Amino acid sequence: MKKIWMKGPKWIRIGVCIILAIGFIHILHAITLDRIIQYKEITFYSETWPIELDGYRIVFVSDTHEISYRRLSRVVDNINAWQPDILLLGGDIMALQDGRGGTQHYRQTLGLLARVDAVDGIFGVTGNHDVTRWLFDFMEELEMTPLLNEGLHIHPGFFLAGVDDYWAGRPCFETATYGASEGDFVLAISHNPDAVMSGDTSNVDLVLSGHTHGGQITFFGLWAPYFTFDNFTTHGQRFLSGWSYGDDGTPVFVSNGVGEYLPRIFARPQVIFLTMRSE
């Protein structure tokens, strides 16, 4: 084998070396950085955002899935250290590794998240892996607010809406934002970002989503094969991770989610720290 390798064309040897190096980089990334939760801080500027709420702090947590109790406890501690004004949950609040089965995983996961000291409370939507009735029952028991195609004013000028899951339910932005007043900044939570391509989001200023896991297994975080060869999203790489836009031009931020669900390759788990600014 050594003799054949040495006598092969130079471009083949170089190509094989490059492929092996790329594979090594991806494996190394998967067992190192992709195991470390990223607390991604972003700032959103809007003329519509109330100047009285300039600097308002929003934490967005999505797709907890099979995260461990210890790992989620550290997440809660780090969120509290940031001193958020509000915590938003983006759906797929699935089983903790320490306690699966029945409704117990919702009780454990939400019980930990309820320890977040958010001034204006905790609000959330359902995801395609959630049993909505179980999720919402425990949210209400823990004094969290579930949003199912509905919304409310958090402060004058700031309206929060949440829509049903795109796969498992019937999301409707129009119904969810019905109570918003003209001139309000409207923030909507939609587990699946695909919903913004079929629903009317013309009166929404910002959408927060999860679901895509950052592509889960990607090529340098730029291309997710799963999105190309499966119907996980019907819009290609559009909602891979980070900033995008809906069909109406509405800004959408897609979180990678924080949970441990299959190997991650160049798709680090994330908790989003969002600071709102008035232009």
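## A first look at the sheet, the pocket and the salt bridges

Strands β7 (residues 158–162) and β8 (residues 185–189) run parallel and are joined by 5 bridges. Within this pairing, F158 of β7 sits opposite F185 in β8. As you look around, keep in mind that this is a predicted model.

Where do these two strands belong? Both are part of an open sheet of 6 strands with the order β6-β7-β8-β9-β11-β10, and the pairing in this sheet is mixed. Its edges are formed by β6 (150–155) and β10 (242–245), each of which pairs on one side only. From one strand to the next, the twist averages 25 degrees. Strands of a sheet pair through backbone hydrogen bonds, and they can do so in parallel or antiparallel fashion.

Next, the empty space. Rolling a probe the size of a water molecule over the atoms shows where such space is left. The largest pocket here has a volume of about 210 Å³. It is lined by 15 residues, and those closest to its centre are Q216, Y226, F232, Y261 and L262. What is the character of this lining? The residues divide into 7 nonpolar, 7 polar and 1 charged.

Finally, the charged pairs. How many salt bridges does the structure hold? There are 2, and the table sets them side by side.

| Salt bridge | Closest N and O atoms |
|---|---|
| D54 and R277 | 3.1 Å |
| E141 and R107 | 3.5 Å |

Take the pair D54 and R277, whose closest N and O atoms are 3.1 Å apart. D54 lies in the loop between β1 (38–46) and β2 (56–61), while R277 is in strand β12 (residues 270–278), so this salt bridge ties together parts that are 223 residues apart in sequence. D54 has a relative accessible area of 37%, which makes this residue partly exposed. R277 is also partly exposed, at 32% relative accessibility.

The other pair joins E141 to R107, with 3.5 Å between the closest N and O atoms. Here two helices are involved: E141 lies in α5 (residues 132–141) and R107 in α4 (residues 104–113), so the pair ties together parts that are 34 residues apart in sequence. Is E141 buried or exposed? At 53% relative accessibility, E141 counts as exposed, because the cut-off for exposed is over 50%. R107, with a relative accessible area of 40%, is partly exposed.

Terms used:
Residues are numbered from 1 along each chain as its sequence is written. This is a predicted model: local features need pLDDT of at least 70, side-chain atom pairs count only at pLDDT 80 or more; totals for chains, interfaces and linings use all residues. Side-chain values use heavy atoms; hydrogens and water are left out. Two strands pair if DSSP finds at least two bridges between them. Helices (H or I, at least four residues) and strands (E, at least two) are DSSP runs, numbered from the N terminus. Axes are lines fitted to C-alpha atoms, for helices over the stretch in contact, and angles run from 0 to 180 degrees between N-to-C directions. On a 1 Å grid over the protein atoms alone, a cavity is a set of points where a 1.4 Å probe fits but cannot get out, and a pocket is an open set with protein on both sides within 12 Å along at least five of seven lines; lining residues have an atom within 4 Å of a point. Grid points are joined across faces, edges and corners, and a volume is the space filled by probe spheres set on the points. Ala, Val, Leu, Ile, Met, Phe, Trp, Tyr, Cys and Pro count as nonpolar, Asp, Glu, Lys and Arg as charged, and the others, Gly among them, as polar. A salt bridge is a side-chain nitrogen of Lys or Arg within 4 Å of a carboxyl oxygen of Asp or Glu. Buried means under 20% relative accessible area, exposed over 50%, partly exposed in between (1.4 Å probe, protein chains only).
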